[in-house]
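Hi everyone, thanks for making time this morning. I'd like to walk you through one model, so let me put it up on the screen.

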Amino acid sequence: MGPAGIKQRMAEIQGRLNATFRVPKHHQAFASALSGMIEPFDPMSGDAKVSAAQAPPQIRELINRAASSVDVDANLLDALVANESSYNISARSRVGALGLTQLMPDTAKFLGVDPLNPEQNVLGGAKYLRSLLDRYQSIPLALAAYNAGPGSVDKFGGIPPYRETQDYVKRVMALYDLKRSQ
């Protein structure tokens, strides 16, 4: 990512935060040097490699039951859970998302599930994913909406230009493809 990429990323963040950032001239050289240290995205790097491990049997059973009950491919739901929580039933994000499928409390309430109960959490995540698949008729768009919210996908008419969301979709899709081929 060069200086232009950094400027684009800053513009994305500014839009999300409704704020303005300026890189002082004395920091522009640092930004240029930093951009040379950033490696291209590898969908099976970092957490994705860890997530490629199989779900523990009890969690895989929850995933299979939930996927079957809402007609979602169990491998897709498994890939989502692996990326969201690495199969950690106690996972909690910095923004308050909870459990295996990282449901936000308001989303869990809307879905009528307890996000702290692993079985209900996976069922809620499966229901939410099913609704996004029905809405967008596209797995990548549904995943983007799961990560960034449907409003962002609608606003941009596709996968939002947020690096986090783009990387998330690539990671889940790569793991989904891997799980389907096993």
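Before I point at anything, one definition: when I say two residues touch, I mean that they have heavy atoms within 4.5 Å. And please keep in mind that this is a predicted model.

With that in hand, let's begin at threonine 165. Which residues does threonine 165 touch, if we don't count those up to four places away in sequence? They are Ala144, Asn147, Ala148, Ile159 and Pro160. Threonine 165 sits in helix α10, which covers residues 163-181. Is threonine 165 buried or exposed? The cut-off for buried is under 20% relative accessible area, and threonine 165 is at 2%, so it counts as buried.

Now let's step back to the whole chain. You can see 10 helices and 0 strands, so to speak, α after α from the N terminus on. There are 182 residues, and 40% of them count as buried. The protein exposes about 10100 Å², with carbon and sulfur atoms supplying 54% of that area. As for contacts between residues at least 6 apart in sequence, 47% join residues at least 24 apart.

Next, my favourite element, helix α5, residues 74-85. Its 12 residues should span 16 Å at 1.5 Å a residue, and the C-alpha atoms at its ends are 16 Å apart, so the two values agree. How many of the 12 residues of α5 are buried? The count is 11, so to call this helix mostly covered is fair because buried means under 20% relative accessible area. The buried ones include Leu76, Leu77, Leu80 and Val81, and also Asp78, Asn83 and Glu84.

Have a look at both ends of α5, too. At the N-terminal end, aspartate 73 acts as the cap, with a side-chain oxygen 2.8 Å from the backbone nitrogen of asparagine 75. After the helix comes serine 86, which has a positive phi, near 50°.

That brings us to the core. The largest nonpolar core has 40 residues, and Ile63, Leu77, Leu129 and Leu143 are those with the most contacts inside it. Two or more residues come from each of α4, α5, α6, α7, α8 and α10. Leucine 77 is a good place to zoom in: leaving aside neighbours within four places in sequence, leucine 77 is in contact with Ile63, Ala66, Ala67, Val72, Val122, Ala126 and Leu129.

That's my tour, and I'm happy to rotate the view for anyone.

Methods: Residues numbered from 1 in each chain as written. Predicted model: local features only at pLDDT ≥ 70, side-chain atom pairs only at ≥ 80, totals over all residues. Heavy atoms only, no water. Helix = DSSP H or I, 4+ residues; strand = E, 2+ residues; numbered from the N terminus. Buried < 20%, exposed > 50% of the residue type's maximum accessible area, 1.4 Å probe, protein only. Areas by Shrake-Rupley, 256 points an atom, 1.4 Å probe, with all protein chains shown as cover. Expected span 1.5 Å × (residues − 1). Polar contact = N/O pair within 3.5 Å; in protein donor to acceptor, adjacent residues only side chain to side chain. Core = buried A, V, L, I, M, F, W, Y, C linked by side-chain atoms within 4.5 Å.
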